[in-house]
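Dear colleague,

Please find below the structure that I am handing over to you. My notes on it follow.

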Number of protein chains: 2
Amino acid sequence: MTNRVRRTMPILPISIVMQLTDLTARQIRYYEEQKLISPARTEGNKRMFSLNDVDALLEIKDYLEQGLNVAGIRKLYESKEMPQNDQAEPKTLSDAELRSLLREEMKHQARPFSQASQRHGDLSRFFK
Amino acid sequence: MTNRVRRTMPILPISIVMQLTDLTARQIRYYEEQKLISPARTEGNKRMFSLNDVDALLEIKDYLEQGLNVAGIRKLYESKEMPQNDQAEPKTLSDAELRSLLREEMKHQARPFSQASQRHGDLSRFFK
DNA sequence: AACGGATGTTAGATTTTCTGACATGATTTT
DNA sequence: AAAATCATGTCAGAAAATCTAACATCCGTT
């Protein structure tokens with residue numbers, strides 16, 4: 001529980017997140033606009049990122065490099081973060097959607113995404 | 001070594017350090033002026049703090065509350081940090097190199113750290 | 001009472017970040 | 001091939017965060 005607090009506490013300004021992820025501010029803001037992340041804001045409206053946010057960004061970056069597009073990543077997250085809500089199905093991907101995702105995958109000869117999503121996402125290794 | 005990198009990497013703006021330590025900006029700047037800490041600076045001259053810096057501030061706060069004054073704390077540190085191995089941080093690493101190093105480590109599933117820090121600041125309250 | 005140490009407060013300058021708009025190269029769709 | 005879409009670059013103007021420097025204040029000591 002305390003752990004969750006630690007990793008979700010917003011402590012990093014965008015400049016540092018840029019360094020940590022090698023993403024531009026433009027990219028980070030775009031991913032937020034596309035609902036892939038939801039960084040906190042200061043009273044003055046500045047974005048402030050948690051360790052979890054950085055993990056997510058690294059994962060997003062990874063997916064993009066493997067050929068997925070933002071929409072696909074969003075779908076992944078939507079279906080992944082459903083286990084909470086056991087109402088009906090975790091919103092299954094339509095055939096068309098799935099085909100689109102898979103086509104992207106094959107094009108870039110990427111591994112199945114079950115792997116990538118597990119590899120990254122542990123920035124806490126940076127810190128003690 | 002990597003552990004040292006993690007804890008010395010400047011990632012926190014003063015506003016966050018204020019929250020983490022319950023110190024005012026004035027206090028933090030004063031302690032720097034008095035050579036108790038040496039936070040990094042951005043290109044634009046903004047202070048950027050490491051986890052070690054925060055630990056140090058918590059320790060300083062503790063000492064002050066116990067009745068020591070700044071001069072006394074400085075003396076303490078001067079005699080404590082005499083040990084020869086204090087050139088452990090090769091100042092030759094560029095920021096880019098550091099970041100790349102850290103990212104590499106992350107990809108390769110770095111193992112947990114072991115080394116105990118000399119300081120006993122309780123930042124670990126916040127981070128794993 | 002005067003002094004020095006630690007902190008508060010304020011002002012003006014500079015840096016950082018923000019949003020919004022438009023530009024661009026690469027694909028995909030029509 | 002033209003048009004549309006995606007992800008990102010870039011720029012401008014505004015607002016927020018931070019900086020230094022100076023002066024003020026509170027509180028123990030001398």
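**The surface near DNA strand D**

Sorted by class, the residues of the surface near DNA strand D comprise 5 nonpolar, 7 polar and 6 charged ones. Please bear in mind throughout that this is a predicted model.

There are 18 residues around DNA strand D, and those that come nearest are Thr24(A), Tyr30(A), Tyr31(A), Val70(A) and Arg47(B). Of the atoms of DNA strand D that come within 4 Å of the protein, 72% belong to sugar and phosphate.

Two helices each supply at least two residues of this surface: helix 3 (25-33) of chain A and helix 2 (14-21) of chain B. The greatest contribution comes from helix 3 of chain A, which gives 4 residues.

Individual contacts with phosphate oxygens of DNA strand D are as follows:

- Arg47(B) has a polar side-chain atom 2.7 Å from a phosphate oxygen of the strand.
- In Tyr30(A), an N or O atom of the side chain is 2.9 Å from a phosphate oxygen.
- For Gln27(A), the distance from a polar side-chain atom to a phosphate oxygen is 3.0 Å.

**Helix packing in chain A**

Helix 4 of chain A takes part in two of the packings described here, one with helix 5 and one with helix 2.

Helix 4 (residues 51-65) and helix 5 (residues 70-80) of chain A pack at an angle of about 130 degrees, and their axes are 10 Å apart. The angles counted as oblique include those over 115 and up to 145 degrees, and the two helices are therefore oblique to each other. Helix 4 of chain A passes helix 5 of chain A in a right-handed crossing. On the side of helix 4, the contact is made by Ala56(A), Glu59(A), Ile60(A), Tyr63(A) and Leu64(A), while helix 5 contributes Val70(A), Ile73(A), Leu76(A), Tyr77(A) and Lys80(A). This contact has 8 nonpolar and 2 charged residues, with no polar ones. Val70(A) thus appears in two places: in the contact with helix 4 of chain A and among the residues that come nearest to DNA strand D.

Helix 2 (residues 14-21) of chain A also packs against helix 4 of chain A, their axes coming within 10 Å and crossing at roughly 45 degrees. These two helices are therefore likewise oblique to each other, and their crossing is right-handed. Here Val17(A), Leu20(A) and Thr21(A) of helix 2 meet Val54(A), Leu57(A), Leu58(A) and Lys61(A) of helix 4. By class, the residues of this contact divide into 5 nonpolar, 1 polar and 1 charged.

**Helix packing in chain B**

In chain B, the axes of helix 2 and helix 3 (residues 25-33) come within 9 Å and cross at roughly 100 degrees. Angles of 65 to 115 degrees count as roughly perpendicular, and this term therefore applies to helix 2 and helix 3 of chain B. From helix 2, Ile14(B), Val17(B), Met18(B) and Thr21(B) meet Ala25(B), Ile28(B) and Arg29(B) of helix 3. The contact has 5 nonpolar residues, 1 polar and 1 charged. Helix 2 of chain B is also one of the helices that supply at least two residues of the surface near DNA strand D.

Yours sincerely

How values were computed
Residues numbered from 1 in each chain as written. Chains lettered and ligands numbered in written order. Predicted model: local features only at pLDDT ≥ 70, side-chain atom pairs only at ≥ 80, totals over all residues. Heavy atoms only, no water. Near = heavy atom within 4 Å. Polar contact = N/O pair within 3.5 Å; in protein donor to acceptor, adjacent residues only side chain to side chain. Nonpolar A, V, L, I, M, F, W, Y, C, P; charged D, E, K, R; others polar. Axes fitted to C-alpha atoms, helices over the stretch in contact; angles between N-to-C directions. Parallel < 35°, antiparallel > 145°, perpendicular 65-115°, else oblique. Left-handed = near helix turned anticlockwise from the far one by under 90°. Contact = heavy atoms within 4.5 Å.
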